[in-house]
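Trainee: Please take one part of this structure and examine it closely, residue by residue, and then show how it relates to its surroundings.

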Amino acid sequence: ATWSSINEVPKTKWDFIIIGGGTAGSVLAGRLTEDQKFNVLVIEAGPNNEGVLNSIVPGLQRRLPNSLYDWNYTTVPMKGFNNRAIAYPRGHLLGGSSAINGMVYTRGAASDYDRWAKVTGDSGWSWNKLQPYLDKQEKFEPPADNHDVTGMIDPKVHSTTGAVPVSIPGFPHPGTDEVTLAVTKELGGEFHYNLDWNSGRPLGVGWLQATIGHDGTRSSAATAYLTPRVRNRKNLHIVTETRVTRVLQTTGTRGLDIRTVEIGSPDTPDRVLLTAAKEVILAAGAIGTPQILLNSGIGDREELEALGIPVVLHNPSVGQNLTDHTLLGVSFGLKPGAIDQGPWANLSFDPALQEQALALWQTNRTGPYVAVVPADHIGWVRVPENSSIFDEFEDRSSGPNAAHIEMIIGTVADTYNTGLSMISPASRGSLKIQSNNPFDDPLIDPNFFDSDFDVLVMREGINAALRFADAPVLKNITTGILGPLANITSDDEIDAFIRNSAGSAWHPVGTTAMSPKNAGWGVVDPDLLVKRVSGLRIVDASIMPYIPCAHTQTPVYLIAERAADLVKEAWK
Ligand SMILES: Cc1cc2nc3c(=O)[nH]c(=O)nc-3n(C[C@H](O)[C@H](O)[C@H](O)COP(=O)(O)OP(=O)(O)OC[C@H]3O[C@@H](n4cnc5c(N)ncnc54)[C@H](O)[C@@H]3O)c2cc1C
């Protein structure tokens, strides 16, 4: 059942307490309670996801950041961003960030996972060994408008039997799509048509896939794994609007046995303590998880002591290695009438059209709101092999089939857009706490563009967008690049523009990274148990040692699906 106060939850013996009912937490809750002998409690800080219209209708996604369903964080000012601080949304409801995200469904390159396997010494994290978990995770369905997807995806690399409905856009944009596909034919090479970039070999341009199924509705970890049937299980209890402040040594145990969870609210000094018989599983995400560990005295000794927090375990890796992708919009003007965009061309700006789109969605799940944005393709490209970048810097991508840059391609009104993401970053940031008050916001420092490599690759991304737009079919109908890039040519000016304009793709990972079992760095072992502690596991985006060249929800789903098996195996 789902409750909204810890006082309502029946008192019982919990085998597992999951902190955070987000993307990973929902998967774990659903999978662990398949075994009736496990009694599971999920504690989620945000509200229930059920009935939250903005989270249900894909086209209303943009209303979720900076709302009640967002933690509403801001980063620290970042030097590489010319001292800009930026908003940093994180999901604050059941389903977590999967319930507020952009729904793009990407897996990255096979070599991204093989790199995890290599650095952790656990082949279980390799692309091949993770395939069964992809099968359990994905439920590929026909798109909302039922169009034939032959030639638009490779069915061999998709599962139709997993938990999370996935499809390609159910409201395509024929005029734009025709142009984009014509570019792939004209240019080929780095922009060749890739039938399915979710095959482990992403390079090229192919159709966008999203966690939106046949019903034109967002699938989140909560809608897919915490279905009404699952919530009815006697061995699953979910409590929302309840915040975990710390994890604690369990009374009567020796060594560092941490299976006790402290719940609190800023409105009262009262705290509730709950203990799990088997494990506490931290799934509070790349920001929440290290924050709870630091509040609990697990982190760098000197920094904790400076805040007056008693040190439980000295581990300077906690909160380090924060890695994220940067984003930069690059647009080209379209000649009037060059692409027939139908009646919805101004949807993004026109409230009357937005009302019509919502009405259509509500009537029969059709219209533009079955998709999140009017973009139907993604291109994945590499910096050319002969680029001088590699004279100075080592390549940070996971291998020759991994991408450095992502281009999200579509049109809005009279602009043809290539949203660029720098997805092979060298920069690493950190997550720290600013006081011993667990309710204070953490200090989030993605440290974007700390490394010049990242700026140079982003500049190469702009060059790639220019090469793309130079295809005759596009060149004929566009008026050139828009914004400041139209008037600047020197590398220094371009770099300044990048540092002044880029944002985040909202993909923070790596703040409690996994490392080999006896490594002197890292926070969790390859089985995701916290090093030098018993009873405490971490399952979420924090454990990634490297960020994949992918939007991060699918990698999190894979981590959580495998983790569920690791936990079941440990307690069978
Ligand atoms: C705006 C936005 C757009 C994105 N777009 C995409 C996209 O299009 N495609 C994609 O693949 N990825 C996208 N991502 C990234 C992706 O959604 C995340 O990487 C992924 O969902 C993270 O999963 P997680 O389980 O690690 O954390 P989350 O899903 O964030 O879950 C953490 C949960 O823990 C809860 N929690 C935190 N602290 C506490 C506490 N102290 N007590 C109790 N509960 C707590 C949170 O409320 C949350 O529910 C986007 C993210 C955002 C924010």
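Mentor: Let us begin with Met544. Setting aside residues within four places in sequence, its contacts are Trp116, Asn321, Val509, Gly510, Ala513, Thr552, Pro555, Val556 and Ile559. The model is a predicted one, and this applies to everything that follows. Met544 itself belongs to the loop that runs between strand E24 (536-538) and helix H15. Its relative accessibility is 0%, and therefore Met544 counts as buried, the limit being under 20%. As a marker of position, the C-alpha atom of Met544 lies 17 Å from that of Asn128, a residue 416 places away along the chain.

One of the contacts of Met544 is Trp116, and this residue leads to helix H3, where Trp116 is among the buried residues. Helix H3 spans residues 110-120, and 8 of its 11 residues are buried, so the helix is largely enclosed by the rest of the structure. The buried residues of H3 are Ala110, Ser111, Asp112, Tyr113, Arg115, Trp116, Ala117 and Thr120. Their cover includes helix H4 (127-137) as well as H15. After H3 comes Gly121, which has a positive phi, near 75 degrees.

Thr120 deserves a closer look within H3. Its relative accessibility is 3%, so Thr120 also counts as buried. The side chain of Thr120 reaches the backbone oxygen of Ala117 at 3.4 Å. Beyond its neighbours within four places in sequence, Thr120 is in contact with Trp125, Met514, Ser515, Pro516 and Pro526. The chain also brings Thr120 and Asp527 to a C-alpha separation of 9.8 Å, although their positions lie 407 residues apart in sequence.

Two of these partners of Thr120, Trp125 and Met514, are also in contact with Leu528. The other contacts of Leu528, again without its neighbours within four places in sequence, are Leu536, Arg537, Ile538, Val539, Ile543, Ile559 and Ala563. Ile559 therefore appears in the contacts of both Met544 and Leu528, given that contact means heavy atoms within 4.5 Å. Leu528 has a further role in the description of the interior: in the largest nonpolar core, of 95 residues, those with the most contacts inside it are Ile17, Leu528, Leu536 and Val539. Helix H15, residues 553-570, gives the most to this core, with 8 residues. Another core lies apart from it, with 44 residues that include Val381, Val455, Met458 and Ile462.

Helix H15 can be followed further through Thr554, which is found in it. With a relative accessibility of 0%, Thr554 counts as buried. Leaving out its neighbours within four places in sequence, Thr554 is in contact with Tyr105, Thr106, Arg107, Leu134 and Gln137.

The surroundings of H15 also include the ligand. Among the 36 residues that surround the ligand, the closest are Thr23, Glu44, Ser97, Thr552 and Gln553. Thr552 is thus a residue of this shell and also a contact of Met544. Several polar approaches to the ligand can be specified. An N or O atom in the side chain of Ser97 is 2.8 Å from an oxygen atom of the ligand. A polar side-chain atom of Trp71 lies 3.0 Å from an oxygen atom of the ligand, and for Ala45 a backbone N or O atom lies 3.1 Å from a ligand nitrogen atom. On its own the ligand has 1,000 Å² of accessible area, and the protein covers 97% of it. The elements that give two or more residues to the shell are helix H1 (23-32), strand E10 (243-249), helix H8 (285-295) and H15. By class, the shell contains 16 nonpolar, 16 polar and 4 charged residues.

Two loop residues elsewhere in the chain may be set beside this buried region. Most residues other than glycine have a negative phi. Asn72, which is not a glycine, has a positive phi of about 55 degrees. Asn72 lies in the loop between helix H2 (53-56) and strand E4 (73-74), and at 36% relative accessibility it counts as partly exposed. Arg365, likewise not a glycine, has a positive phi of about 55 degrees. Arg365 is located in the loop between helix H10 (351-364) and strand E17 (375-381), and its relative accessible area of 33% makes Arg365 partly exposed.

Definitions and conventions:
Residues are numbered from 1 along each chain as its sequence is written. This is a predicted model: local features need pLDDT of at least 70, side-chain atom pairs count only at pLDDT 80 or more; totals for chains, interfaces and linings use all residues. Side-chain values use heavy atoms; hydrogens and water are left out. A nonpolar core is a set of buried Ala, Val, Leu, Ile, Met, Phe, Trp, Tyr and Cys residues joined through side-chain atoms within 4.5 Å. Buried means under 20% relative accessible area, exposed over 50%, partly exposed in between (1.4 Å probe, protein chains only). Helices (H or I, at least four residues) and strands (E, at least two) are DSSP runs, numbered from the N terminus. A residue is near a molecule or strand if one of its heavy atoms lies within 4 Å of it. A polar contact is a pair of N or O atoms within 3.5 Å; within protein, one must be able to donate a hydrogen and the other to accept it, and residues adjacent in sequence count only if both atoms are side-chain atoms. Accessible areas come from the Shrake-Rupley method with a 1.4 Å probe; for residues, only the protein chains shown count as cover. Ala, Val, Leu, Ile, Met, Phe, Trp, Tyr, Cys and Pro count as nonpolar, Asp, Glu, Lys and Arg as charged, and the others, Gly among them, as polar.
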